[in-house]
Amino acid sequence: MQLNRFLYFADYVIYPLASAGLVAVSLLKTDPLRWEQAAIGFVCGLALWSLAEYVIHRFALHGPAFLAALHDVHHTDPRALVGSPLWLSLGSIFLGSLLPIWLAIGFATACAVTAGLMMGYIYFGLLHHVVHHHHIKRGTYLWRLKRRHALHHYGKTPCNFGVVTSLWDHVFGTFRPE
Ligand SMILES: [Zn+2]
Ligand SMILES: [Zn+2]
């Protein structure tokens, strides 16, 4: 949904701080992780984000009509400041990552994985903002990403749902080359 400038950019302050806090908790809790376990958990969280991003974009934002209508604001005007308000993204991350992993594996692991997932979310937001708002030099990685994402926006068939990676588009058969 459309956000004001302050809320749109607040994610880029709140999430790195929250992510650092969760890493610290995972290392300092009563059942602390060793740093290499925390690092593995963090990387798993990054990977988990890439899949979550694909699933949310393909099956939620291009799924039920009321969610598709919200996402359509971005498709209609890609430069509008559209995103998820903090309460929605934080609540979803708590219910979709921290809580289930906490219950299944343990609190310290859940903190490390969720910290990685949060930074994956921020990395996605940053890339997506840059490809829509900045002039990008031809032939670079970002230029190829911009072309790939442009096919998602303007292609004839639904494709290229992933932004941080095209891996899941390849896996699920929705990849179209730029
Ligand atoms: Zn879309
Ligand atoms: Zn876009």
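## Fold and largest pocket of a predicted helical protein

In this predicted model, 38% of the 178 residues of the protein count as buried (under 20% relative accessible area, with a 1.4 Å probe and protein chains only). Local features need pLDDT of at least 70, and side-chain atom pairs count only at pLDDT 80 or more. Residues are numbered from 1 along each chain as its sequence is written.

The protein has seven helices and zero strands (DSSP runs of H or I with at least four residues, and of E with at least two). Its radius of gyration, taken over C-alpha atoms, is 17 Å, which agrees with the value near 16 Å for a compact globule of 178 residues; that rule is 2.2 Å times the number of residues to the power 0.38. The C-alpha atoms fill a box of roughly 55 × 35 × 35 Å along the principal axes.

The largest pocket holds about 1100 Å³ of space. A pocket here is an open set of points on a 1 Å grid where a 1.4 Å probe fits, with protein on both sides within 12 Å along at least five of seven lines; lining residues have an atom within 4 Å of a point. The lining comprises 42 residues, and I56, L61, S84, Y121 and F124 lie nearest the pocket centre. Helix 5 gives the largest share, nine residues. The classes of the lining are as follows.

| Class | Lining of the largest pocket |
|---|---|
| Nonpolar (Ala, Val, Leu, Ile, Met, Phe, Trp, Tyr, Cys, Pro) | 22 residues |
| Polar (the others, Gly among them) | 18 residues |
| Charged (Asp, Glu, Lys, Arg) | two residues |

Methods
Chains lettered and ligands numbered in written order. Heavy atoms only, no water. Points joined across faces, edges and corners; volume = space filled by probe spheres on them. Buried < 20%, exposed > 50% of the residue type's maximum accessible area, 1.4 Å probe, protein only.
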